[in-house]
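User: I am new to this structure and would like a close look at a single residue and its setting. Please take me through it carefully, and then go on to other places that deserve the same attention.

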Amino acid sequence: MRIALIGSGYVGLVSAACFAELGHEVTSVDNDAAKIAALERGEVPIHEHFLPELLKRHHRKRLNFSTSIMESVRASEVVFITVGTPQSETGEADLSFVEAVANEIASAIDGRKVIVEKSTVPVRTCESIRKSLLINGALPDSFSVASNPEFLREGTAVLDFLYPDRIVLGADDDYSASVLQEIYSPLTNGSYYLREDAISFTSSTAPQARLILTNAKSAELIKHASNAFLAMKISFINAVANISEAVGADITEICAGIGSDSRIGAKFLNAGIGYGGSCFPKDVQAFHAVANQCGYEFGLLTEVMRINAEQRRRFLYKVRSALWTLRGKKLAVLGLAFKGGTDDVRESPAIAIVEALLREGAQVRVYDPAATAKARLIIPKDGVLYASDPYGAAEGCDALLVLTEWKEFANLDLDRVRSILKYPIVIDGRNLYDPKEMADAGLLYYSIGRAVGVPRAMSSTVHSREATHLCPITSSASLQPAVTAL
Ligand code: NAD
């Protein structure tokens, strides 16, 4: 199948490389000429496992790059829209990129095309794309519009695409349904997994991806509802963590207890500093706005967003509790990406916390394995130094803060950390360590939803009340006076 993808970001580029891997002839399009030129030179603009390998394997064979929507649409049978759908000021999804692309596609259509919306969009966007194509001159019989929401996660995007939990196809006519099913057939019939050169996650079994074929509106709602549900899981466990912390229970054990119930599942039950990234914050807001437009006040989502915002403020409160005042303090920060395994810093809680620390007069020395270049463009320059490894960040600092769950941050040499910090204080927003292990290593260890790990030498000065009542269980309103707004 000849496929064009309009938008070569995290979703568009990964999908393009994976469609080429499945045997299709693919053009990955973007209006960012510099990005396309870099891709042409063989550079990989995002940090994503297996992506360099796939681009190398298929570039100039089954995968090409272009800045021309006109040429790429004309050369393709199927056109995926993979541009961004950011949050507008009112909280709704801003669909202006989707509309601009739909308008350009309309003038390029020169034969039967299937236009597939892969970006995350509000329900009924397929209808709007259809209307847009028609008023811009496309003939009614020359196209179908379908929905194929994407569920890949940054950091594991290639494997998520090639080994999906499910593939959702929202088609309102038989032609687009059959074309989309053909595109994904190597995954749904399992033939891809039998290939010797298949990108593999060491599974010896050959799975078959599950296909859910539905109409466009249901597919659109599946995506928004899925992301809202996952965000709800995160806020739920963070709320439980706050109770756990107040009574001196252990949220990691509580998560294991809850998550081992197969009706609930263990994923997305990690307490921390809240969700971020380019999807959950905007998608929960947008789904809330969709509900409003339908006349339904989705109060549950309002609470999900409130808990998430409060979680960052609670972390800052915790830093202040551990360090007293922040003005002039030197703080080491591990992690800037919104989660481990990616260089994406969009809506990263880590960045928001770093900015709040800077506003409070702290100096910050940061390290992230992949996100530094992107973070530099956002974080104010004054008061920030960039280190080349975790120990370079920690050297001489008053405390070490862990803000992103990179795997390498979970395996630090604790003796070294203790010896290079000015004070042996670690405040972990991602619960990467066991409090007892940290205390045994001589580190005063604050985490989320668990008692403080207090080294034996400090046990007479750090009281158990402090250990269990780090942050009062209060509404965010009563936390406000004590902490800088985030
Ligand atoms: P992105 O910002 O990384 O990429 C979007 C790309 O579209 C950019 O390269 C931009 O230059 C390009 N673009 C914008 N307007 C264009 C135009 N008129 N012509 C050609 N190219 C244009 O975005 P992303 O993270 O890939 O997300 C894309 C969509 O997929 C969003 O709706 C997002 O919510 C959804 N999504 C993202 C993820 C994720 O993890 N990033 C996962 C699932 C779904």
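Analyst: Ser 76 has a relative accessible area of 3%, so this residue counts as buried, the limit for that class being under 20%. The model in which Ser 76 is seen here is a predicted one. Along the chain, Ser 76 belongs to the loop between α4 (69-74) and β4 (78-81). If residues up to four places away in sequence are set aside, Ser 76 touches Arg 2, Ile 3, Ala 4 and Lys 113. Asp 197 offers a point of reference elsewhere in the chain: Ser 76 and Asp 197 are 121 residues apart in sequence, and their C-alpha atoms are 26 Å apart in space.

Pro 186 can be read in the same way. Pro 186 is part of helix α9 (residues 185-188), and with a relative accessible area of 12% this proline is also buried. Apart from its neighbours within four places in sequence, Pro 186 is in contact with Leu 22, Ser 191 and Tyr 192. The C-alpha atoms of Pro 186 and Glu 21 are separated by 10.0 Å, although their positions lie 165 residues apart along the chain.

Tyr 192, one of the contacts of Pro 186, leads on to the aromatic rings. A pair of aromatic rings is described by how far apart the centres are and by the angle of the planes. With centres within 6.5 Å as the limit for a pair, the count is 12 aromatic pairs. In one of them, Tyr 163 and Tyr 193, the ring centres are 4.9 Å apart and the planes stand at 40°, so the pair is classed as tilted. Tyr 163 lies in the loop between α7 (157-162) and β7 (167-170), whereas Tyr 193 lies in helix α10 (residues 191-194), so the pair ties together parts that are 30 residues apart in sequence. Tyr 163 and Tyr 193 are both buried. The rings of Tyr 192 and Tyr 193 have centres 5.8 Å apart and planes at 75°, and this pair is therefore edge-to-face; both of these tyrosines are buried. Elsewhere, Phe 19, Phe 80, Phe 161 and Tyr 184 form one aromatic cluster.

Charged groups also meet aromatic rings in this model. Arg 166 lies over the face of Phe 151, 3.7 Å from the ring centre, and the charged end of Arg 416 sits over the ring of Tyr 391, at 3.9 Å from its centre.

Turning to helices, α13 (residues 280-293) and α14 (residues 299-323) pack at an angle of about 155°, with their axes 9 Å apart. That angle makes α13 roughly antiparallel to α14, and the crossing of α13 past α14 is left-handed. From α13 the contact is made by Val 284, Gln 285, Phe 287 and His 288, and from α14 by Leu 301, Thr 302 and Met 305.

Two backbone angles complete this account. Trp 324, in the loop between α14 and β9 (330-334), has a phi near 70°, which is a positive value in a residue other than glycine. With 73% relative accessibility, Trp 324 counts as exposed. Asn 431 likewise has a positive phi, near 50°, and is a residue other than glycine. Its place is in the loop between β13 (425-428) and α19 (435-440), and at 14% relative accessibility Asn 431 counts as buried.

Conventions
Residues numbered from 1 in each chain as written. Predicted model: local features only at pLDDT ≥ 70, side-chain atom pairs only at ≥ 80, totals over all residues. Heavy atoms only, no water. Phe/Tyr/Trp six-rings, centres within 6.5 Å; stacked < 30°, edge-to-face > 60°. Helix = DSSP H or I, 4+ residues; strand = E, 2+ residues; numbered from the N terminus. Buried < 20%, exposed > 50% of the residue type's maximum accessible area, 1.4 Å probe, protein only. Lys NZ or Arg CZ within 6 Å of the ring centre and 35° of its normal. Axes fitted to C-alpha atoms, helices over the stretch in contact; angles between N-to-C directions. Parallel < 35°, antiparallel > 145°, perpendicular 65-115°, else oblique. Left-handed = near helix turned anticlockwise from the far one by under 90°. Contact = heavy atoms within 4.5 Å.
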